[in-house]
Amino acid sequence: MDDAKSALASFIDQANPNIRLAIVSFSTPELTRLEQGFTTDKTSLKNKINSFVTTGSQTATGSGVSFAVQYVNANVASTNKRIMMITD
């Protein structure tokens, strides 16, 4: 988990300051949820990432992708959309 947090923090630090980022967690299908809505606030994003803890041995990748796609499509008008997944 520490390596994933570090990689995400580095990505956020290097991201264009005008790019809005959001965070979805996906440890289990039942716990797949929006953790941070779209924002350009890098401190808020990194604080949210640093609060993550391992909840078990599962990773609900399919649920995470599905949730992220639905969230992005509902909240981004542009056709220039990206989803990045990181897992421990």
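User: Hello! By class, how many nonpolar, polar and charged residues does the lining of the largest pocket have?

Analyst: Welcome! Please keep in mind that this is a predicted model. The largest pocket has a volume of about 1300 Å³, and its lining counts 46 residues. Sorted by class, that lining has 27 nonpolar, twelve polar and seven charged residues.

User: Which residues lie nearest the centre of the largest pocket?

Analyst: Several elements contribute to this lining: α1 (2-14), β1 (21-25), β2 (33-39), α2 (42-50) and α3 each supply at least two residues. Nearest the centre of the pocket lie Leu-8, Ala-22, Ile-23, Val-24 and Met-84.

User: What volume does the largest cavity have?

Analyst: A search of the whole structure turns up one cavity of 30 Å³ or more. The volume of the largest cavity is about 40 Å³.

User: And which residues line the largest cavity?

Analyst: By class, the lining of this cavity divides into six nonpolar, three polar and one charged. The residues are Ile-12, Ala-15, Asn-16, Pro-17, Ile-19, Leu-21, Thr-39, Thr-40, Lys-42 and Leu-45.

User: Let's turn to charges. Which salt-bridge partner does Asp-13 meet?

Analyst: Side chains of opposite charge can pair when their charged atoms come close. The structure holds three salt bridges. In one of them, at 2.6 Å from N to O, the side chain of Asp-13 meets that of Lys-46.

User: How many residues apart in sequence are the parts that Asp-13 and Lys-46 tie together?

Analyst: The salt bridge joins the side chains of Asp-13 and Lys-46. Asp-13 belongs to helix α1 and Lys-46 to helix α2, so the pair ties together parts of the chain whose separation in sequence is 33 residues.

User: Where on the scale from buried to exposed does Lys-46 fall?

Analyst: Its partner Asp-13 has a relative accessibility of 45% and counts as partly exposed. The cut-off for buried is under 20%, and that for exposed is over 50%. At 24% relative accessibility, Lys-46 therefore counts as partly exposed.

User: Which residues do salt bridges with shared partners join into one network?

Analyst: Arg-33 and Glu-35 meet through their side chains in a salt bridge of 3.1 Å, N to O. Glu-35 also meets Lys-48 in a salt bridge, at 3.7 Å. That second pair links distant parts of the chain, with Glu-35 in strand β2 and Lys-48 in helix α2, 13 residues apart. Through shared partners, the network joins Arg-33, Glu-35 and Lys-48.

User: What relative accessibility does Lys-48 have?

Analyst: Arg-33 is partly exposed, with a relative accessible area of 40%. Lys-48 also counts as partly exposed. For Lys-48 the value is 25%.

User: Does Ile-49 count as buried or exposed?

Analyst: Ile-49 has its place in helix α2. Its C-alpha is 9.4 Å from that of Gln-36, while the two residues are 13 apart in sequence. A residue is buried when its relative accessible area is under 20%. With 3% relative accessibility, Ile-49 therefore counts as buried.

User: Last one: which residues make the nonpolar surface patch of about 270 Å²?

Analyst: One member is Ile-83, found in the segment after α3 (61-75). Patch residues need over 30% relative accessible area, and Ile-83 is partly exposed at 42%. The patch is made by Val-65, Val-69, Ile-83 and Met-85.

Conventions
Residues numbered from 1 in each chain as written. Predicted model: local features only at pLDDT ≥ 70, side-chain atom pairs only at ≥ 80, totals over all residues. Heavy atoms only, no water. Patch = residues over 30% accessible without salt bridge, like charges linked within 9 Å, V, L, I, M, F, W, Y side chains within 5 Å. Areas by Shrake-Rupley, 256 points an atom, 1.4 Å probe, with all protein chains shown as cover. Salt bridge = Lys/Arg side-chain N within 4 Å of Asp/Glu carboxyl O. Helix = DSSP H or I, 4+ residues; strand = E, 2+ residues; numbered from the N terminus. Buried < 20%, exposed > 50% of the residue type's maximum accessible area, 1.4 Å probe, protein only. 1 Å grid on protein atoms, 1.4 Å probe; cavity = no way out; pocket = protein on both sides within 12 Å on 5 of 7 lines; lining within 4 Å. Points joined across faces, edges and corners; volume = space filled by probe spheres on them. Nonpolar A, V, L, I, M, F, W, Y, C, P; charged D, E, K, R; others polar.
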